[in-house]
There are 2 protein chains.
Amino acid sequence: MDIHQLTRTLHTRNDSKIVMMVADGLGGLPMEAGGPTELEAAATPNLDRLASRGVQGASIPVLPGISPGSGPGHLGLFGYDPLTYQIGRGALEATGIGFALQPGDVAIRCNFCTLDEAGRITDRRAGRIPTEQSTVLVERLRQVQVPGVEIFVEPVKEHRFVVVLRGEGLGGNVADTDPQETGVPPRDPLAIDEGSQRTAEVATAFLAQAAELLADEEIANFHTMRGFASRPELPTYEEVYGLRAAAIAVYPMYKGLAQLVGMEVVGQPQTLDEQVDLLAACWDDHDFFFLHFKYTDSTGEDGDFEGKRERTEQFDAVIPRVVELSPDVLIVTGDHSTPSYLKQHSWHPVPTLLVSDCCRPDGLTEFNESSCIHGGLGQFEAKYLMSLALANAGRLGKYGA
Amino acid sequence: MDIHQLTRTLHTRNDSKIVMMVADGLGGLPMEAGGPTELEAAATPNLDRLASRGVQGASIPVLPGISPGSGPGHLGLFGYDPLTYQIGRGALEATGIGFALQPGDVAIRCNFCTLDEAGRITDRRAGRIPTEQSTVLVERLRQVQVPGVEIFVEPVKEHRFVVVLRGEGLGGNVADTDPQETGVPPRDPLAIDEGSQRTAEVATAFLAQAAELLADEEIANFHTMRGFASRPELPTYEEVYGLRAAAIAVYPMYKGLAQLVGMEVVGQPQTLDEQVDLLAACWDDHDFFFLHFKYTDSTGEDGDFEGKRERTEQFDAVIPRVVELSPDVLIVTGDHSTPSYLKQHSWHPVPTLLVSDCCRPDGLTEFNESSCIHGGLGQFEAKYLMSLALANAGRLGKYGA
């Protein structure tokens, strides 16, 4: 049984406030045997103080051994089973640039490419042309028109851009046109199911016009289409939890993911302090607040142990300002681990802390990887964090009599 | 896979005895930061002595964050997935008064109500008439006869009573007749599916006769019908575990729940000591013994921390008498937590202890909330307690070769 089948029927409403602070890639590893993790090396007096009041655990993002991308990592934290709900590549790419997909939209990842005179691909990435250059070409492609369909063309980075089709009856199952090799022509966009026939037709029309618009280009004289994907059908926070949720994030990807579950994206913060300013400013208008901090992940991916340690301390430093708002439930977690040692997302369980006046404290006085495995939440799948949050906020009724 | 698919095929029989002592609502919370829980405040030398020999864990009644009622709480302990097996409201009400439902029975919760001259409800609870008064009316309703159906009418409390229909082809899907508001007439009992057509007809006939039998009453001149429910189809302890099980409980609800899974309800004990007397007396006739202690829950629901502490000590005091019987497997647990701090059932994991000569002791010397999270059973869903019990009793064969 999906946990949402329970929360959907059992949730109640009250005036409580729930804050979920996500330090992206929070979990780490020692750089050498016996050494500390980034979080253990960091001075985190505020998190440790919270630990004494709260209950800890180690959250498993998907399943043991499975390292998630940002999509499934966050869906899990939001309480959506990341194995049930999947975000197609095109939809994730659009989400990643902050494009607000609507139900029924189909998003497509596109690569500028180079064709020879016979129409065969000679470079699948058009020499990785600089973003400034591809942005100009993307703007040119906005001239493409297909009757009955609204079309959005958005730059991403270098040779990559996104096309979003909006209209009636557009399925998301269309085969990639990128043949994944050079020396052959791009494929036609072929519908994989009946319901995607119209999408394939629109894509074919788009490519024909794009060929003309790009004909004079020396390098980027065509483009491929990959990862066709409908906007995933995710029930909203309002529906499954009865929560008016706000997302306070700096990066487009996390705003986009929050939007997919019906959170309202608040403001345009550029720093963590601005994020907390916004949190305070919109306190009365929402019940749930997702606050995303990126740099524990990016430093980890860079293999920058010291950098990640510093970013962790920066994260710790804003905790008192959040505590001052007196949330009824305060959660600190990460969407996955990003150990500097591995320079990539990993499967390791993520230190997770929950503080409320009715959590059952576990006697721990530090918050980190070594501590959390002795915590009262045990090891648990991240998808259960939201039902714990609701329960601690007094927002879940009893199951059965 | 349902754990019963394994136990059904792997169980074997031997002379071992398994005792499951359930202190209802056992888990608790501190009343103030840094304070003890009820179980931690209680002097429990006998449970602590058992802890040194056994293995502990924290059992999750349903799923993280989900607070169960008595029904799902006990089904979980009995090894029946509480999300798969659900007990309808009418069936639980009948069970709660100790009515032994048989397969095919349909149970209906009824409320005496008051109608005005135009047949509109003026009071949905007939002024909450006293139980003595409603018991007389219930006896009068036993005159109702519908050909081909055996009918039972049983008092519950105040304006509430239960009707059970026994006969061929009675489905449980009939809509409530209670309109949930006053100023309108009660609804007709309408079948929701084909298989419940006959039930709706019988209910209609019952209501027509009831209207006549109650016509002269000033206040309770009619009744509504709600929560139609078939007896849930639960496989028996004998079938899924190969166990001859006995239930030794004071309160009707727990006898009823035990009966639903095929346990034999033994005796009419009024005290915990009498329950242990009965345990000893029926020792040779059964393999499994469910012993239910109510007062750790009721004191918790009253918010009576001291009372719950005392009741916990009372529970501890009978442990030596149970140990003296030398059960092969002795389990001490609760169906959920009922913290005095919350005055209600909660989602917090329940301290659970298992002692057998082949359990793997975890070095813990106390039994309580703080201790159990470090136990060898870890955190586990309550539905797995029975397979652990069978294994420790040498009653489960190997899975696969």
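Trainee: Which elements of chain A and chain B each supply at least two residues of the lining of the second largest pocket?

Mentor: In this predicted model, chain A gives β2 (55-60), β13 (378-381) and α14 (385-392), and chain B gives α14 (369-372) and β13 (378-381).

Trainee: What makes a residue part of that lining, and which residues lie nearest the centre?

Mentor: A lining residue has an atom within 4 Å of a grid point of the pocket. The second largest pocket has 31 such residues, and L377(A), F380(A), I60(B), P64(B) and Q379(B) lie nearest its centre. The space in this pocket is about 470 Å³.

Trainee: How does its lining divide by class?

Mentor: There are 19 nonpolar, seven polar and five charged residues. P64(B) is an example from the nonpolar group, because Pro counts as nonpolar.

Trainee: What is the volume of the largest pocket, and what lines it?

Mentor: The volume is about 740 Å³. The lining has 29 residues, with S70(A), L92(A), E93(A), G96(A) and M253(A) nearest the centre. In chain A, α4 (70-77), α5 (89-96), β5 (150-157), α9 (252-260) and α11 (295-301) each supply at least two of the lining residues. By class the lining has 14 nonpolar, seven polar and eight charged residues. G96(A) falls with the polar ones, because Gly is counted there.

Trainee: Why is a space called a cavity and not a pocket?

Mentor: A 1.4 Å probe fits in a cavity but cannot get out, whereas a pocket is an open set, so the way out decides the name. The whole structure has four cavities of 30 Å³ or more. The largest has a volume of about 50 Å³, and the second largest holds about 40 Å³.

Trainee: Which residues enclose the largest cavity?

Mentor: Its lining consists of V250(A), Y251(A), Q270(A), T271(A), L272(A), Q275(A), H292(A), F293(A), K294(A) and Y295(A). Both α10 (272-281) and β10 (288-293) of chain A supply at least two of them. Five are nonpolar, four polar and one charged. K294(A) is the charged one, because Lys belongs to that class.

Trainee: How many residues of each class line the second largest cavity?

Mentor: Six are nonpolar, none is polar and three are charged. Among the lining residues are I60(A), D81(A), E381(A) and K383(A).

Trainee: What makes a set of residues a nonpolar core?

Mentor: The residues must be buried, of the listed nonpolar types, and joined through side-chain atoms within 4.5 Å. The largest such set has 63 residues; F78(A), Y80(A), Y237(A), M263(A), F288(A), F290(A) and I66(B) have the most contacts inside it. Helix α14(A) gives the largest share, six residues. A separate second core of 49 residues includes V22(B), L92(B), A107(B) and V240(B).

Trainee: What does F290(A) touch?

Mentor: Leaving out residues up to four places away in sequence, its contacts include M20(A), V22(A), H74(A), F78(A), Y254(A) and M263(A).

Trainee: How many residues does each chain bring to the contact between chain A and chain B?

Mentor: Chain B brings 31 residues and chain A 26. The buried area is about 2200 Å², with 64% from carbon and sulfur atoms. On the chain B side, P64(B), I66(B) and W347(B) lose the most area, together 23% of what that side buries.

Trainee: Why are N46(B) and L50(B) of helix α3 called buried?

Mentor: Buried means under 20% relative accessible area, so N46(B) and L50(B) fall below that cut-off. The cover over the buried residues of α3(B) includes α12 (305-317) and β12 (350-356) of chain B.

Conventions
Residues numbered from 1 in each chain as written. Chains lettered and ligands numbered in written order. Predicted model: local features only at pLDDT ≥ 70, side-chain atom pairs only at ≥ 80, totals over all residues. Heavy atoms only, no water. 1 Å grid on protein atoms, 1.4 Å probe; cavity = no way out; pocket = protein on both sides within 12 Å on 5 of 7 lines; lining within 4 Å. Points joined across faces, edges and corners; volume = space filled by probe spheres on them. Helix = DSSP H or I, 4+ residues; strand = E, 2+ residues; numbered from the N terminus. Buried < 20%, exposed > 50% of the residue type's maximum accessible area, 1.4 Å probe, protein only. Contact = heavy atoms within 4.5 Å. Buried area = accessible area lost by both parts, 1.4 Å probe.
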